[in-house]
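Student: I have a model open and want to learn how to read its features. Where should we begin?

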Amino acid sequence: MPLPFLTADRDGATTDVATGTAVSPPREAPEDMYESRHHRWRRPYHPGPLRVGGTAVVLLLAACVLFSGVIIALAGSLPGAGICAAVAALLITIAFRLVRTGIWVGPKGLRQLSLLSGTTLPWADVAGVRTVQQPVRLLGLPRTVQGQVLVVERTQGKALPALVSDQGADFLGRPRAFAETALAVEDEVAEFKG
């Protein structure tokens, strides 16, 4: 017995289970895609496997803490369950911030998000983005190694602290992906500033 809902069509069409006919998804008009792309914040690269894996571990830990909170609540200790819920909420917040760390571009400017803070520069304040060879922190730890970083330069004042490097959680062991990302960010900045 064929299972049409499990097959993937090459043209992006899906199969209607009730009738067995192919249904194409609605497509956006090219001008709609341009508008939606230029009216929201987006990261011009994907988070790396180490960042995604670390986030998954933090979320798994949050799930364990929530499960512990349910057991503690069923045992009758509501203050202990509240503490577990608060710790789980903190871990979920940390996981959310971990996966959003990086450089984002949008119609209002360039945004650089770290775990605890973020900086948004309007396009008038962004002089450019370039790759620099310098000592960088390995996975954000105190140990430094020689590597490349993506530096956001301001028109006035010193450059933003470098967040994206080839030794970070997104690009460790993937120099080609870092080079492609640097070019993609430079292209996005040139497109928005131009």
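Tutor: Start with one residue, Gln167. It sits in the loop between β8 and α4. Keep in mind that this is a predicted model.

Student: Is Gln167 buried or exposed?

Tutor: The cut-off for buried is under 20% relative accessible area. Gln167 has 17%, so it counts as buried.

Student: Which residues does Gln167 touch, leaving out those up to four places away in sequence?

Tutor: The contacts are Val136, Arg137, Leu138, Leu139, Val145, Gln146 and Leu172. Leu139 deserves a second look. It belongs to the hairpin of β6 and β7, with 6 residues between the strands, and takes a positive phi near 55°.

Student: How do I read the pairing of strands there?

Tutor: The general idea comes first. Strands of a sheet pair through backbone hydrogen bonds, in either a parallel or an antiparallel sense. Here β6 and β7 (residues 144-154) are antiparallel, with 11 bridges. To check the register, find Gly128: its bridge partner in β7 is Glu153.

Student: How many bridges join β7 to β8?

Tutor: There are 2, and these strands also run antiparallel. β8 covers residues 164-165. Val149 has Ser165 as its bridge partner in β8.

Student: What is the strand order of this sheet?

Tutor: The order is β6-β7-β8, in an open sheet of 3 strands with antiparallel pairing. β6 and β8 are the edge strands, each pairing on one side only.

Student: Which helix lies across β6, β7 and β8?

Tutor: That is α4. It runs at about 160° to β6.

Student: Now the sheet that holds β3, β4 and β5. What is its order, and how do its strands pair?

Tutor: Read it as β3-β4-β5, an open sheet of 3 strands with antiparallel pairing. The edges are β3 (102-106) and β5 (118-122), and each pairs on one side only. From one strand to the next the twist averages 15°.

Student: How many bridges join β4 to β5?

Tutor: 5 bridges, with the two strands antiparallel. β4 spans residues 109-113. Take Leu110 as a marker: it is bridged to Leu121 in β5.

Student: And side chains along a strand?

Tutor: In a regular strand, side chains alternate between the two faces of the sheet.

Student: Let us turn to the aromatic rings. How many aromatic pairs does a search of the whole structure find?

Tutor: The search finds 3. One of them joins Trp123 and Phe192. That pair is stacked, at 5.4 Å centre to centre and 5° between the planes.

Student: Why does the pair of Trp123 and Phe192 tie together parts that are apart in sequence?

Tutor: Look at where each ring sits. Trp123 is in the loop between β5 and β6 (126-137), while Phe192 is in helix α4 (residues 175-193), so the pair ties together parts that are 69 residues apart in sequence. Trp123 is buried at 10% relative accessibility. Phe192 is also buried, at 16%.

Student: How is the pair of Phe171 and Phe178 arranged?

Tutor: Edge-to-face, with 5.6 Å centre to centre and 75° between the planes. Phe171 is buried at 1% relative accessibility. Phe178 is buried at 2%. Ring pairs link these two with Tyr45 into a cluster.

Student: Which residue lies over the face of Tyr45?

Tutor: Arg43 does, at 5.6 Å from the ring centre. Elsewhere, look at Arg100 and Trp104. The charged end of Arg100 sits over the ring of Trp104, 4.7 Å from its centre.

Student: How should I read a helix?

Tutor: Begin with the repeat. An α-helix has 3.6 residues a turn, so residues three or four places apart point the same way. Now take α3 (residues 78-100). Its buried residues include Gly80, Cys84, Ala88, Leu91 and Ala95. Ala81 is buried as well.

Student: What covers the buried residues of α3?

Tutor: The cover includes α2 (49-75).

Student: What span does α3 reach, from its first C-alpha to its last?

Tutor: α3 has 23 residues and reaches 33 Å, close to the 33 Å expected at 1.5 Å a residue. Just after α3, check the backbone of Gly102: its phi is positive, at about 145°.

Note on methods. Residues numbered from 1 in each chain as written. Predicted model: local features only at pLDDT ≥ 70, side-chain atom pairs only at ≥ 80, totals over all residues. Heavy atoms only, no water. Pairing = 2+ DSSP bridges. Helix = DSSP H or I, 4+ residues; strand = E, 2+ residues; numbered from the N terminus. Axes fitted to C-alpha atoms, helices over the stretch in contact; angles between N-to-C directions. Phe/Tyr/Trp six-rings, centres within 6.5 Å; stacked < 30°, edge-to-face > 60°. Buried < 20%, exposed > 50% of the residue type's maximum accessible area, 1.4 Å probe, protein only. Lys NZ or Arg CZ within 6 Å of the ring centre and 35° of its normal. Contact = heavy atoms within 4.5 Å. Expected span 1.5 Å × (residues − 1).
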